[in-house]
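Got the viewer open? Let's take a walk through this one, stop by stop, with something to select at each.

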Amino acid sequence: MRRFYLIALLLIGSLILVGFLAWQAHLAVSSHRETAESVLRDYANLASGEFVRRTLVEVGYYGYYPLISAIAAWHSDHPQDALTSLEDLPLPEDRAQARELVRYVFRFNAGDGVLETWGSDVTPDVTGALRTLLTSAVADAPTDGSYVTLFERIGDKTHSFVFTLADPGADPPRRLVGFEPELGVLGGWIERAVARGPLLPPSLTQEGFSNESIFLEVVLAPDDVLYVAGEPYEPWFGVEQPFGEEYRGMLAEVTARLAIDPEVAPQLVIGGLPRSRLPLLLGVLGVVAGLVAIAILQLGRERALIKLRSDFVSRVSHELRTPLTQIRMFAETLLLKRVRSPEESERALEIIDRESRRLSHLVENVLQFSRCEHDSIRLAPVPRRLRPLLTELVEEFKPLLDGSGASIATRFEDDSEVTVDGDAMRQIVLNLLENAVKYGPDRQEVWLGTSRRNGRVRVWVDDQGPGIRVADRERIWEPFQRVERDPASALTGTGIGLSVVRDLVSKHGGSAWAEDGERGGARFVVELPATDSPGGAA
Ligand code: ADP
């Protein structure tokens, strides 16, 4: 009992330990993953910083700076003229591409409120908004010749205006010149900036890493995407970085979204991005828990079996004691010549004979059971006719009927030949007859019969007892299993008789079962393969 609890406790302890180890493994993997994720985000941060810097340089040095300088220079040469063509802007040769950034050039006179524009058409609401914007900006415009960028939402679009003081020396300053950039073409400029080299320093990445493994998106407003390269990665290890106020707020309202492809994690982080092992660990834990449960269940069964075995020993001792007491008593009676008549002495001898038969049958059963347990039954089957064999067995059994007043009738419908071991057959039939007499009422008539069906011969024993409930019909064939309806019942037994029957029958290639008898009692059937063609009816 104690051992059972100890082993169960050890098993549960092992399960808890396995669970603890699995949890630790999960924590280790999770923390490795968290570190890897934060490294990837740091790298995305680094790359986006580089990207923003490069884009600002590209657009600033090759676009906005030369443009605003050229517009200011053109104005100082032609303060009263109209700009007939963008070609008139004195841009250096290597900055000529900057012209594509101009939607229109404007000049504003804060003194009379005149706003002149040259280039693409400008709608009246944009002109109105620009005039208001410039009117209030003129006073704060820097006098060092640098430019100002303002963003303004007009209608459903965000506009950007780049301007500078036209006459830095005038007091008060009156005129502003500038342009509205064509933000739609920025994509090409950004692309050039990206193409200048990897956004992550090669010292941090392994060979083979390129900007292709980086997702990039530049947006002015959620619905106004200026540039996009690649597909947003899943999972997302990225950053969102506004261009901010650097370079005079040139792209202040623009935001860059950048993420690193999780697939290239192994090139950036030692050990890559480990996958969660939780499902695997839970699976392993489940299997271990299942094995422990099976082991404990098995342990419980073993414990029950040990209990059954120890009950069996005391039952066998009890079963042995009853006939032994009878034998001793009547033997003593005879020895001490306490009998009064020859009939009495014959009766005593009969009882001694009956009880010693019962005893030897019981011992035989126990021996046979032990052989079955160790799988050491040696059978010598020979073909024999059933009918003479059964008739002989009935005669042998008759002395055991004494006391119960029961009788045996035979119903042989078949006399086929079966290949059986005589001793085994004897054991089988005697066990069934003994049970029929034991569990049936006094003075009942027990039937022993044979029949044949589909090349198999049935030997059956039918009694007038209580029968066997359907629920118990399988269980009774298990070793040590007894159906005790009435705990106070005087019907004792060892619980091995039927298990010996089934073992011996199956060793002959047959089967055995219990069913309802013809007269309300139980019928035990043993079915064996017939050796010959159908035999004659009784
Ligand atoms: P035992 O008779 O020693 O208990 P068995 O293995 O021969 O062991 O039988 C197992 C159980 O099957 C019995 O305890 C009894 O409950 C039930 N049984 C066997 N034969 C009969 C029968 N003819 N009628 C009713 N119950 C029976």
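A quick definition before we start: a residue counts as near a molecule if one of its heavy atoms lies within 4 Å of it, and helices and strands here are DSSP runs, numbered from the N terminus. Keep in mind as well that this is a predicted model.

**Stop 1: the ligand and its shell.** Select the ligand and show the residues around it. There are 18 of them, and N435, Y439, D463, R482 and L498 come nearest. Now colour the shell by class: you should get eight nonpolar, seven polar and three charged residues.

Which helix gives the most to the shell around the ligand? Select α9, residues 422-439: α9 gives the most, with four residues. Then add α10, residues 497-507; α9 and α10 each supply at least two residues of the shell.

**Stop 2: the contacts.** Zoom in on the oxygen atoms of the ligand. Start with the side chain of N435, where a polar atom lies 2.8 Å from a ligand oxygen. Next, show the backbone of T494: one of its N or O atoms is also 2.8 Å from an oxygen of the ligand. Then move on to G497, which has a backbone N or O atom 3.2 Å from a ligand oxygen. Taken on its own, the ligand has 530 Å² of accessible area, and the protein covers 96% of that.

Now hide the ligand and look at the space it leaves behind. That space is the largest pocket.

**Stop 3: a hairpin.** Leave the ligand and select residues 214-221, strand β6, together with residues 224-229, strand β7. The two strands pair in the antiparallel sense over five bridges, and a hairpin of two residues joins β6 to β7. Show V219 and look across to β7: V225 stands opposite.

**Stop 4: a cis peptide.** Carry on past β7 into the loop that leads to β8 (238-242), where you'll find P235. Check the bond joining E234 and P235: this peptide is cis, with omega about -5°.

**Stop 5: an odd phi.** Last, select D375, in the loop between α7 (342-373) and β10 (382-385). D375 is not a glycine, yet its phi is positive, at about 55°.

Note on methods:
Residues numbered from 1 in each chain as written. Predicted model: local features only at pLDDT ≥ 70, side-chain atom pairs only at ≥ 80, totals over all residues. Heavy atoms only, no water. Polar contact = N/O pair within 3.5 Å; in protein donor to acceptor, adjacent residues only side chain to side chain. Areas by Shrake-Rupley, 256 points an atom, 1.4 Å probe, with all protein chains shown as cover. 1 Å grid on protein atoms, 1.4 Å probe; cavity = no way out; pocket = protein on both sides within 12 Å on 5 of 7 lines; lining within 4 Å. Sits in = over half its atoms within 2 Å of the grid points. Nonpolar A, V, L, I, M, F, W, Y, C, P; charged D, E, K, R; others polar. Pairing = 2+ DSSP bridges.
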